[in-house]
Amino acid sequence: MDGRARRRLVDDLRRVARKERLDNVEVLLWAWLVVVIGFFSLSAFKLDHYVFPAAPAACLLCARALSSLGGGPRTAEQAWSRIGLLLVGPVLAAIGVGTGT
């Protein structure tokens with residue numbers, strides 16, 4: 001799961017803890033991601049391409065997190081999404097350098 005999606009999960013869990021209602025689309029995307037990854041993690045044999053159906057849900061969650069950050073005022077609900085946005089570039093650069101050496 002992408003770092004932005006994980007940080008979006010933290011933001012969503014914080015909203016649930018405060019008894020706020022999540023968007024139905026957000027719930028559906030998280031369910032899609034959890035079911036696909038959970039189902040194929042429990043299978044007897046593991047092939048990496050089995051988790052590819054989870055990629056669209058992860059991409060849509062990342063896009064929703066990114067679009068919620070733009071233009072509006074900074075709120076506490078988006079704190080982890082902002083951290084994910086700031087860290088994605090350096091983390092990808094570090095992975096590239098690490099795997100290249």
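In this predicted model, Y50 is partly exposed, its relative accessible area amounting to 23%. Y50 belongs to a cluster in which ring pairs link F39, F40 and Y50, and a search of the whole structure finds 2 aromatic pairs. In one of these, the ring centres of F39 and F40 lie 5.0 Å apart with their planes at 80 degrees, so the arrangement is classed as edge-to-face, given that an angle over 60 degrees is required for that class. F40 also forms an aromatic pair with Y50, and here the centre-to-centre distance is 5.1 Å and the angle between the planes is 40 degrees, a tilted geometry. This latter pair links distant parts of the chain, since F40 lies in helix 2 (residues 24–41) whereas Y50 lies in the loop between helix 2 and helix 3 (55–69), at a separation of 10 residues.

The residues of the cluster were also examined for accessibility. F39 has a relative accessibility of 56% and therefore counts as exposed, the cut-off for that class being over 50%. F40, with a relative accessible area of 24%, is partly exposed, and Y50, at 23%, is likewise assigned as partly exposed.

Helix 2, which carries F40, was then considered as a whole. For its 18 residues, a rise of 1.5 Å a residue gives an expected span of 26 Å, and the C-alpha atoms at its ends are 25 Å apart, in agreement with that expectation. The buried residues of helix 2 include E26, L29, W30, L33 and V36. Viewed down the helix axis, the buried residues of helix 2 fall within an arc of 135 degrees, and they therefore line one face of the helix. In general, an α-helix has 3.6 residues a turn, so residues three or four places apart point the same way. On the face of helix 2 that is turned away from its buried side, the exposed residues are N24, L28, V34, V35 and F39; F39 thus combines a place on this face with its part in the edge-to-face pair with F40.

A further position in helix 2 is A31, which is partly exposed with a relative accessible area of 37%. Between A31 and A94 the separation is 63 residues in sequence, and their C-alpha atoms are 31 Å apart in space.

Conventions: Residues numbered from 1 in each chain as written. Predicted model: local features only at pLDDT ≥ 70, side-chain atom pairs only at ≥ 80, totals over all residues. Heavy atoms only, no water. Phe/Tyr/Trp six-rings, centres within 6.5 Å; stacked < 30°, edge-to-face > 60°. Buried < 20%, exposed > 50% of the residue type's maximum accessible area, 1.4 Å probe, protein only. Helix = DSSP H or I, 4+ residues; strand = E, 2+ residues; numbered from the N terminus. Expected span 1.5 Å × (residues − 1). Arc of directions from axis to C-beta.
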